[in-house]
Amino acid sequence: MANEINKEEMHTKRVLEPLAWIFQLISGLILTVLVTFHFYETHFVSHEAMEYELVVSRLSSLGYKIMYALLVFFVAFHAFNGVRAILLDTNFGAKYPQVVNSLCFLAFLIAFGYGSLLLLVF
Amino acid sequence: MVMWQKWFSVKGKSLFSIAFSLHRLTGVVLTIYLCMHLAYLTSIRMGKEVFESFIATTVTPQFLIFDILLVLAGIYHGVNGLRLILHEFGLTYESRKSILYVSVAIVLIVWLIASYRMYTFVMGV
C-alpha cells in the first residue's frame, strides 16, 4: 500500500495537505491527456499547425478555448503545487510554510490569469 | 548537503530514489518552461510578423536539441507520475521494480517516436 512505498518517493505526499495531494494526482492524470493532445495537434497533424492564421483560428474556436483554459488551469495548479511541495520540503519551507503557500498561490494566479487573458483576446 | 543537491547524488541510492530525484528535477524544468511558454505566447497578441519571427527563431535545427530534451523531461515526468499514481492506490505494488523498468522502456520508446516526428517537422521532411 501507499505507506509501504519508498519513504523518499512519498515526500511530496507528506508535505502536502490531503486534498492538495489528491488534486495533484487528478491534475496530473488530466494533464497527461491534455498535454498529449496539445503536442499531437501542434507537431503531428500537419506542418502548417504553427502558422499564425491556424494558431489564431484555433484560439478563436470555443472548443479550443475551453480546452486551453482547462490546460492552463490544471498545468498552473500542478506546476506551482509541485513547486510548493519541493519548497515545503526545505528548511526554509518548514520554518515559513505560510510564505511558501502564499507565494506559490500567487504564482498560480498569475500564470492562470495571464494564460486566460491570452485566450480572451481572440 | 542542501536538499536539492541530493537530487544530483547517485551514489548509494536505490533506483526508486533516482526516479524520485528525476521526477522533481523534470518538474522544475517543466515549470520554468511553462513560464517561458506563456511569455512566448505574448507574441501572438503582437501580430503575425512578431509571432512568425519568434517561430523562425525557435523552430529551427539549432533549437531542436533543446526541444527534444524538453520532450524527454515531459514524457519522463508524465509516465513516472502515472507509475506513482498506480502505487499510490496499491496497484502493482508487488511488481514495482518491473513496473519501473517498463515505465523507463515506455519513456524511451515514446521519446524516440516524438523526437523523430519533431525532427521531420523542423527539417520539413
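In the predicted model described here, helix H1 (residues 11–15) of chain A has the lowest mean pLDDT among the elements of that chain, at 75, whereas H4(A) has the highest, at 96; pLDDT is the predictor's confidence in each residue, from 0 to 100, and helices are DSSP runs (H or I, at least four residues) numbered from the N terminus. Chain A as a whole averages a pLDDT of 89, with 91% of the residues scoring at least 70. Because the model is predicted, local features need pLDDT of at least 70 and side-chain atom pairs count only at pLDDT 80 or more, while totals for chains, interfaces and linings use all residues. Residues are numbered from 1 along each chain as its sequence is written, and chains are lettered from A in the order in which they are written.

The largest nonpolar core (buried Ala, Val, Leu, Ile, Met, Phe, Trp, Tyr and Cys residues joined through C-beta atoms within 7 Å; buried, with 20 or more other C-beta atoms within 10 Å of the residue's own, placed from the backbone) holds 18 residues, of which A:Phe74, A:Val75, A:Ala76, A:Ala79, A:Phe80 and A:Leu88 touch the most other members. Helix H4 (62–88) and helix H6 (97–121) of chain A are the elements that give two or more residues to this core, and H4(A) gives the most, with twelve residues. Beyond its neighbours within four places in sequence, A:Phe80 is in contact (C-beta atoms, placed from the backbone, within 7 Å) with A:Cys104, A:Ala107, A:Phe108 and A:Ala111.

Between the chains, 33 residues of chain B are in contact with 29 residues of chain A. The largest share of the side of chain B that touches chain A comes from H2(B), with twelve residues.

Note on methods:
A residue is buried if 20 or more other C-beta atoms lie within 10 Å of its own, exposed if 12 or fewer, and partly exposed in between; C-beta atoms are placed from the backbone. Two residues are in contact if their C-beta atoms, placed from the backbone, lie within 7 Å.
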